[in-house]
Amino acid sequence: MKEKYMLREESLPLIALRGIWLLPGMTMSFDIGREFTKKALESAFARNSLVFVSSQRDPMEEDVDIENIYSMGVVCKINESVKLPDNSYRVIIEGLSLIHI
């Protein structure tokens with residue numbers, strides 16, 4: 001049986017991880033505190049709870065631009081999100097599929 005692949009272009013919010021890798025099929029919990037990542041999380045909830053997750057090349061860099069993100073990443077579904085007292089979020093995400101940007 002041949003596998004079917006569907007190519008499509010879709011814009012997803014980016015969550016940049018620092019020093020962590022996520023693979024399809026994995027479920028992971030982590031905290032989100034940077035403002036641009038909080039906005040990505042809120043944008044994902046306003047749409048379909050899908051995000052693009054990739055790791056930063058330099059985990060010490062606070063401001064992220066496209067040159068500091070690996071081109072491979074994972075489309076993830078946000079399964080749960082809790083707002084913490086310090087206005088950060090704790091999220092549980094599940095890796096769905098590997099993609100290249």
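A nonpolar core is a set of buried Ala, Val, Leu, Ile, Met, Phe, Trp, Tyr and Cys residues joined through side-chain atoms within 4.5 Å, where buried means under 20% relative accessible area, exposed over 50%, and partly exposed in between (1.4 Å probe, protein chains only). The model is predicted: local features need pLDDT of at least 70, side-chain atom pairs count only at pLDDT 80 or more, and totals for chains, interfaces and linings use all residues. Residues are numbered from 1 along each chain as its sequence is written, and side-chain values use heavy atoms, with hydrogens and water left out.

**View A. The largest nonpolar core, with Ile 15 among its members.**
This core has 17 residues, and Ile 15, Phe 30, Val 53 and Ile 93 are those with the most contacts inside it. Two or more residues come from each of the elements S1, S2, H1, S3, S4 and S5. Here H marks helices (DSSP runs of H or I, at least four residues) and S marks strands (DSSP runs of E, at least two), numbered from the N terminus. Beyond its neighbours within four places in sequence, Ile 15 is in contact (heavy atoms within 4.5 Å) with Phe 30, Ile 32, Thr 37, Ala 40, Val 51, Phe 52, Val 53 and Ser 54. In soluble globular proteins, nonpolar side chains tend to be buried together.

**View B. The open sheet and the helix that packs on it.**
Five strands stand in the order S1-S3-S4-S5-S2, with mixed pairing. Strands S1 and S2 form the edges, as each pairs on one side only. Pairing requires that DSSP finds at least two bridges between two strands. On average, neighbouring strands are turned by 40° against each other, direction ignored. Helix H1 packs on this sheet and touches S1, S2, S3, S4 and S5, and its direction makes about 85° with that of S4. Such angles run from 0 to 180 degrees between N-to-C directions, and the axes are lines fitted to C-alpha atoms, for helices over the stretch in contact.

**View C. Antiparallel partners within the sheet.**
Strands S3 and S4 run antiparallel and are joined by four bridges; in this pair, Val 51 has Cys 76 of S4 as its bridge partner. Cys 76 also stands opposite Gly 95 in S5. Strands S4 and S5 are antiparallel as well, over 11 bridges. They form a hairpin with five residues between them, and in the turn Asn 87 has a positive phi of about 70°. Six bridges hold the antiparallel pair S2 and S5, in which Thr 27 is partnered by Glu 94 of S5.

**View D. The surroundings of Ser 49, in the loop between H1 and S3.**
With a relative accessibility of 15%, Ser 49 counts as buried. Apart from residues up to four places away in sequence, Ser 49 touches Ala 44, Cys 76, Lys 77 and Ile 78. Between Ser 49 and Glu 80 the C-alpha to C-alpha distance is 9.6 Å, although 31 residues separate them in sequence.

**View E. The three salt bridges of the structure.**
A salt bridge is a side-chain nitrogen of Lys or Arg within 4 Å of a carboxyl oxygen of Asp or Glu. Arg 90 and Asp 31 form one such pair, with their closest N and O atoms 2.6 Å apart. Arg 90 lies in strand S5 (residues 89-100) and Asp 31 in strand S2, so this salt bridge ties together parts that are 59 residues apart in sequence. Both are partly exposed, Arg 90 at 41% and Asp 31 at 43%. Glu 62 meets Arg 18 at 3.3 Å, N to O. That pair links distant parts of the chain, 44 residues apart: Glu 62 is in the loop between S3 (50-55) and S4 (72-83), and Arg 18 in the loop between S1 (14-17) and S2 (27-32). Glu 62 is partly exposed, with 43% relative accessible area, and Arg 18 is partly exposed with 34%. Glu 35 and Lys 38 are joined at 3.1 Å between their closest N and O atoms. Both belong to helix H1 (residues 35-46) and are three residues apart, about one turn of the helix. Lys 38 is buried, with a relative accessible area of 11%.

**View F. The one aromatic pair, Trp 21 and Tyr 70.**
Rings of Phe, Tyr and Trp (its six-membered ring) pair if their centres lie within 6.5 Å; planes under 30 degrees apart count as stacked, over 60 as edge-to-face and the rest as tilted. The rings of Trp 21 and Tyr 70 have centres 5.1 Å apart and planes at 45°, so the pair is tilted. Trp 21, in the loop between S1 and S2, and Tyr 70, in the loop between S3 and S4, are 49 residues apart. Trp 21 is partly exposed, with a relative accessible area of 49%, and Tyr 70 is partly exposed with 30%.
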